[in-house]
Amino acid sequence: MPGLLLQDGQHDSQAFSHSPFKSLRVTYRRQSVPTAIVHFSVNSGHVVSNFPHSLSITTTMSLISVRDGLVISLCVLVHFIYRNRRRRLLPFPPGPSPWPIVKNTFTIPLINAHGYYKELGAKFGSKLLYLEALGQPMLIINDIRIAQDLLEKRSALYSSRPAIPMLNDVVGVRAYFSVMPYGDYWRAHRRMFQQHFAEKYLVRNQERAMEFIRKGLLANLLESPENFDEHIRNCIGGIAVSVTYGLPVQRKRDPFVHFSETTFAVSSATAAPGKFLVNIVPSLKHVPEWMPGAGFKQVAKEVRANLLKLIEEPFEASVKMMEKGTAPMCFITDMLERHRHSPDYETQSIYIKQTAAMVFAAVSETTVTALNTFILGMLQRPDVLKKAQKEVDDIVGTNRLPEFSDIPHLEYLSAVIKETLRWNPVAPMGVPHHTSEEDVYMGYYIPKGCTVFANAYAMLHDDEIFPEPQEFKPERFIKDDCLREDLPDPEYVATFGFGRRVCPGAHIARSTLHIAAASLLHLFDIAPELDGDGKPIKVVPQFNQTSTVSWPLPFRCKMTPRAGRDVKDLLEGYIGSDPI
Ligand code: HEM
């Protein structure tokens with residue numbers, strides 16, 4: 001007789017020991033042969049209290065006849081009843097009440113979202129928030145432990161990226177692995193990045209970074225300190241171009257560095273949610289170019305042309321140098337050499353080209369922002385500047401420049417860097433992740449296709465952990481003259497994201513920040529400019545508010561060679577105008 005059989009499943013988790021059973025298998029049998037099975041199993045979620053609410057369902061079916069079909073339909077119906085029941089009964093995480101249809105669309109801020117969500121969390125007494133904008137579910141995580149629970153411990157579910165219709169479909173460039181969905185294509189690019197830039201290879205690029213800091217930053221600061229922002233940009237962009245393509249870089253306003261910077265600035269704006277309507281209403285991507293209101297298509301065309309140029313031209317130039325035998329060791333030469341005999345060389349060389357283009361995009365704005373924030377912090381706290389300078393002097397002395405080997409001995413400077421990254425998290429909302437399956441956490445339902453923001457700003461400005469979070473206070477990381485180990489360390493936690501998508505260049509960023517900061521402090525005083533009466537002009541820290549990259553808004557300061565130090569003499573071998 002055909003029929004439905006209910007069967008107890010296995011208990012497999014302590015967390016559910018109070019539940020009557022862990023999984024439920026509904027089997028449709030025909031002449032004792034199982035022909036359709038609907039399998040309900042408790043989700044791997046940890047903190048689910050109420051059994052029927054926590055069902056996750058997989059369906060396996062075979063053998064279709066009319067009669068079987070009816071029974072199978074019944075099984076599917078049961079499936080959906082349980083699914084919907086779960087949805088109905090399990091709440092979403094706390095958040096503002098949604099309006100009909102538009103849900104929270106008008107609650108979502110376009111600027112200072114990180115600050116808004118921090119406050120919203122406080123209002124709802126929750127560090128996990130849920131909102132929905134025009135059908136797009138959003139999860140905001142304001143807490144380090146929750147981010148680790150979800151993005152790290154359950155990384156199989158939380159490692160994709162949301163689609164960005166303007167960038168992916170209208171501009172149509174899908175070469176940057178930071179925005180690729182989770183999967184083999186992303187994995188191939190990230191693996192390639194690691195093959196050259198993994199932490200174990202850090203040393204081989206440090207020498208190049210040092211050369212740029214001395215020739216491209218310190219020497220230029222001596223000559224025109226008022227252009228410190230421009231020098232920092234050229235130096236950091238130059239390091240990226242040099243270690244990736246091995247191309248020569250001009251010491252000032254290198255045209256390629258400048259072109260890359262402006263192109264990425266425009267293209268990252270295409271990813272901003274509020275800037276282009278097509279990111280909110282994806283079907284607009286089908287609108288023909290001639291239609292009124294389709295101006296975004298023209299913008300997309302220009303961005304596309306520039307992005308393709310950035311992917312192709314430096315790669316070609318690097319390959320040409322390689323053919324002539326003049327290419328220095330860099331990402332391109334290393335990778336082409338490594339994959340030369342691969343059976344799928346053509347495919348690999350496309351990945352190499354695309355991964356190379358990613359490097360500049362990821363290094364430049366982020367590291368420049370952190371360095372400018374460091375200078376801004378020094379302006380807020382002249383006493384910190386003096387103390388850090390004294391430490392550098394004690395370790396380095398006055399007759400040579402700082403080296404990478406000095407860095408582990410500069411503990412106070414380390415606290416200053418931690419505070420720099422905490423005070424103004426470079427990417428305050430991280431880079432959004434995307435759930436590839438539904439999930440249950442702390443009794444809350446998290447849908448599939450949910451955009452997940454790890455709010456680094458809220459985590460690093462949590463006043464229970466970091467009192468007076470708006471103040472620049474490196475001393476918070478020091479106790480009894482040693483670095484504290486009982487605080488989350490912004491050099492390692494939150495700043496660089498979480499889980500499988502965590503920043504793979506974090507070690508490079510830390511290394512560059514430490515050596516650049518030590519070198520600046522060793523040679524220069526950093527102070528506010530003076531007004532007409534000789535009084536210091538107070539610099540009020542202000543940051544870009546779009547929640548993508550939080551760069552300090554332009555500010556002025558006076559950088560002067562330190563008294564009693566022959567800065568020119570120390571930089572003698574590094575001053576010049578030939579490309580680096
Ligand atoms: C202060 C400097 C930097 C900061 C604050 C920073 C921060 C971040 C953050 C928050 C993410 C997203 C992580 C996530 O999704 O959870 C990320 C991704 C990424 N970063 Fe960085 N980053 C910095 C420097 C660098 C450098 C120097 C490189 C390369 C040498 C780099 C390469 C990348 C790449 C390739 C990704 C995409 C990873 C993926 O989607 O798989 N970053 N970074």
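The following paragraphs describe the ligand surroundings, the nonpolar core and a set of paired strands in a predicted model.

The shell around the ligand comprises 28 residues, of which Ala 362, Thr 366, Gly 497, Cys 503 and Gly 505 come nearest. By residue class, this shell divides into 18 nonpolar, eight polar and two charged residues. Three helices, H5 (184–197), H11 (345–380) and H15 (506–523), each supply at least two residues of the shell, and the largest share, seven residues, comes from H11.

Among the residues that come nearest to the ligand, Cys 503 is also covered by an annotation, since the unreviewed UniProt entry records a "binding site" there. In the model, Cys 503 is placed in the loop between strand S12 (482–483) and helix H15. Because 19 C-beta neighbours lie inside 10 Å of Cys 503, whereas 20 or more would be required for a buried residue, Cys 503 counts as partly exposed. When residues up to four places away in sequence are not counted, Cys 503 touches Phe 496 and Gly 497, and Gly 497 is itself one of the residues that come nearest to the ligand.

The largest nonpolar core contains 127 residues, and those with the most contacts inside it are Ile 141, Met 166, Ile 213, Leu 413 and Ala 517. Helix H11 gives the most to this core, with 18 residues, in addition to supplying the largest share of the ligand shell. For Met 166, leaving aside neighbours within four places in sequence, the residues in contact are Val 171, Thr 270, Phe 276, Val 278, Asn 279, Phe 296 and Ala 300.

Ile 141, another of the residues with the most contacts inside the core, belongs to strand S6, which spans residues 136–141 and is mostly covered, with five of its six residues buried. Strand S6 pairs with strand S5 (residues 128–133) in the antiparallel sense through six bridges, and within this pairing Tyr 130 has Leu 139 of S6 as its bridge partner. The two strands form a hairpin with two residues between them, and Leu 134 in the turn adopts a positive phi of about 45°. Strand S6 also pairs with strand S10 (residues 451–454), here in the parallel sense and over four bridges, with Met 138 standing opposite Thr 451 of S10. Strand S6 is thus described by two pairings, an antiparallel one with S5 and a parallel one with S10.

How values were computed: Residues are numbered from 1 along each chain as its sequence is written. This is a predicted model: local features need pLDDT of at least 70, side-chain atom pairs count only at pLDDT 80 or more; totals for chains, interfaces and linings use all residues. A residue is near a molecule or strand if its C-beta atom, placed from the backbone, lies within 6 Å of it. Ala, Val, Leu, Ile, Met, Phe, Trp, Tyr, Cys and Pro count as nonpolar, Asp, Glu, Lys and Arg as charged, and the others, Gly among them, as polar. A nonpolar core is a set of buried Ala, Val, Leu, Ile, Met, Phe, Trp, Tyr and Cys residues joined through C-beta atoms within 7 Å. A residue is buried if 20 or more other C-beta atoms lie within 10 Å of its own, exposed if 12 or fewer, and partly exposed in between; C-beta atoms are placed from the backbone. Two residues are in contact if their C-beta atoms, placed from the backbone, lie within 7 Å. UniProt positions are given in the numbering used here, feature names are shortened, and annotations may be inferred rather than shown by experiment. Two strands pair if DSSP finds at least two bridges between them.
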